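Student: Can you walk me through this protein model?
Tutor: Yes, here it is.

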Amino acid sequence: VQIEEGIAEVDMTLTTPGCPVAQTFPGMVETSLKNVAGVKDATVQLVWDPPWTQENLSEEARLQLGLI
């Protein structure tokens, strides 16, 4: 995430390239970012490097998912 002069730029990855929300989720994130105080505009770019792994999850998320 980079925010400069009220412009938020996000590089986001999904769990797999075939993720069922790949078409809609970036737009949802972009819309949510635009509702943050001080953010005038936002763009979300899907990236696949580095690949997503379970290590990307916070400890809290792993607990909620029963992974630890």
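The chat below covers its core and its surface patches.

Student: What is this model, and how are residues numbered?
Tutor: This is a predicted model, where local features need pLDDT of at least 70, side-chain atom pairs count only at pLDDT 80 or more, and totals for chains, interfaces and linings use all residues. Residues are numbered from 1 along each chain as its sequence is written, and side-chain values use heavy atoms, leaving out hydrogens and water.

Student: Which residues make up the largest nonpolar core?
Tutor: Ala8, Val10, Met12, Leu14, Cys19, Ala22, Val29, Leu33, Val39, Ala42 and Val44. A nonpolar core is a set of buried Ala, Val, Leu, Ile, Met, Phe, Trp, Tyr and Cys residues joined through side-chain atoms within 4.5 Å. Buried means under 20% relative accessible area, exposed over 50%, and partly exposed in between, with a 1.4 Å probe and protein chains only.

Student: Which element gives the most to this core?
Tutor: Strand 2, with three residues. Strand 2, helix 1 (25-34) and strand 3 (41-46) each supply at least two. Helices (H or I, at least four residues) and strands (E, at least two) are DSSP runs, numbered from the N terminus.

Student: Is Glu30 buried, partly exposed or exposed?
Tutor: Glu30 is partly exposed, because its relative accessibility is 24%. Glu30 sits in helix 1. Its C-alpha is 8.6 Å from that of Val10, although the two are 20 residues apart in sequence.

Student: New topic. Where is Leu63?
Tutor: Leu63 is in helix 2 (residues 59-64). It counts as exposed because its relative accessibility is 51%.

Student: And Asp11?
Tutor: Asp11 belongs to strand 2 (residues 7-12). Asp11 is exposed too, since its relative accessible area is 57%.
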